[in-house]
Amino acid sequence: MRKFALLLLCALLLTGCAAQAPAGTEDVFTVVTTIYPPADFARQIGGEAVKVIQLAPPGAEAHDFVPSLTDVNTIASCDLFLYIGGDTDAWALEALDSLGDNAPPALCLSDYVELLHELPLACVGEEDHTGHDHEAEALDTHIWTSPRNAITLCQTISQEMQQLDSQNSALYAANCQEYVRQLEQLQAEFETVMDQARRTSILFADRMPFRYLAEDLGLTCYAAFQGCSADTEPSLATIAFLTQVIEREQLPVVFCLENSDPTVADTLCQATGAQKRVLHSCHNLTTEELAAGWDYLSLMHENAAALAAAVQ
Ligand SMILES: [Zn+2]
């Protein structure tokens, strides 16, 4: 902790120097974010008028990221810092707190939506013999997986940007309005999928960071692991439980996440004849995905198509 404090002192000294930005750059409104979704939202709202810096680099595991001294300095010198909060980017609050009076304006985005607890253990294949209270499960902060939440988050970010950068407020308001219209279309697409669905259960041979999408759509989810657990090897009991669920409910699809080990999904598909599909959690995109033009909206449209196959 002392080491971290010393690093921060250095960061503050560096910030003092960085405050004298080169001519021509000081007018660009700069938004710094921890992970991908708020970076994409800020870009959609700000367009050419803002510079957006995402600290966790493309392809990085969002939960495990550790900010460097330079990153802390980048936070200190930005115009608006956006982070999710909770376990998703716990490192953000620590960095922000330690900046004290030098902390920039910041939004903890999970303060702006209703938070839900992680999926209870009984739904992730572990028999719960502890008798513990499910309300004591950790809060899930994968809030962006619900298009409804994404709309709220964009409106919140837009309002803050309008307040902090009033000369561009009309642009931010107009861009946000257009992007919200597209998010509403996305929400309608998911609702259409559910209107035509023959079932409401889906299964992940993986972690399950889609708590908020599931809540919006009335989906029951089964998963190998809770939330974004770091576990990668489910117990035999969990595999047996998931196999039983697939057979009992005749599920046509087994989901896994992007960039994830497919072994468990392959095992379940081989045992049951189900088909493996990916749901992209959008925590972060890889360099290849960004180069190919993927973004939150296009990946979520892909997710809607994958969901349609799973609930048919
Ligand atoms: Zn996660």
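Q: What is the relative accessible area of Arg 181?
A: In this predicted model, local features need pLDDT of at least 70 and side-chain atom pairs count only at pLDDT 80 or more, while totals for chains, interfaces and linings use all residues. Residues are numbered from 1 along each chain as its sequence is written, and side-chain values use heavy atoms, with hydrogens and water left out. Buried means under 20% relative accessible area and exposed over 50%, with partly exposed in between (1.4 Å probe, protein chains only). Arg 181 counts as partly exposed because its relative accessible area is 39%.

Q: Which residue meets Arg 181 in a salt bridge?
A: A salt bridge is a side-chain nitrogen of Lys or Arg within 4 Å of a carboxyl oxygen of Asp or Glu. The partner of Arg 181 lies 3 residues apart from it in helix H6, about one turn of the helix; helices are DSSP runs (H or I, at least four residues) and strands likewise (E, at least two), numbered from the N terminus. The partner is partly exposed, at 36% relative accessibility. At 2.8 Å, N to O, the side chain that meets Arg 181 is that of Glu 178.

Q: How far apart are the closest N and O atoms of Arg 211 and Glu 215?
A: Both residues lie in helix H7 (residues 211–217), 4 residues apart, about one turn of the helix. Arg 211 counts as buried because its relative accessibility is 17%, whereas Glu 215 is partly exposed at 45%. Arg 211 and Glu 215 form a salt bridge, with the closest N and O atoms apart by 3.3 Å.

Q: Are Asp 206 and Arg 207 buried or exposed?
A: The side chains of Asp 206 and Arg 207 meet in a salt bridge at 3.8 Å, N to O. As for accessibility, both Asp 206 and Arg 207 are buried.

Q: At roughly what angle do the axes of helix H5 and helix H6 cross?
A: Axes are lines fitted to C-alpha atoms, for helices over the stretch in contact, and angles run from 0 to 180 degrees between N-to-C directions. The axes of H5 (residues 147–164) and H6 (residues 169–195) come within 9 Å and cross at roughly 180 degrees. That makes H5 roughly antiparallel to H6, a class for angles over 145 degrees. The crossing angle is thus roughly 180 degrees.

Q: How many nonpolar residues are in the contact of H5 with H6?
A: Contact means heavy atoms within 4.5 Å, and among the residues that meet are Ile 151 and Met 161 in H5 and Leu 183 and Phe 190 in H6. Among these contact residues, 5 are polar and 2 charged, and the nonpolar ones number 13.

Q: How many aromatic pairs does the count come to?
A: Rings of Phe, Tyr and Trp (its six-membered ring) pair if their centres lie within 6.5 Å; planes under 30 degrees apart count as stacked, over 60 as edge-to-face and the rest as tilted. By this rule, the number of aromatic pairs is 8.

Q: How far apart are the ring centres of Phe 29 and Tyr 172?
A: The planes of these rings are at 50 degrees, so the pair is tilted, and the centres are apart by 6.5 Å. Phe 29 lies in strand E1 (residues 29–33) and Tyr 172 in helix H6, 143 residues apart. Both Phe 29 and Tyr 172 are buried. The distance between their ring centres is 6.5 Å.

Definitions and conventions:
Parallel < 35°, antiparallel > 145°, perpendicular 65-115°, else oblique. Nonpolar A, V, L, I, M, F, W, Y, C, P; charged D, E, K, R; others polar.
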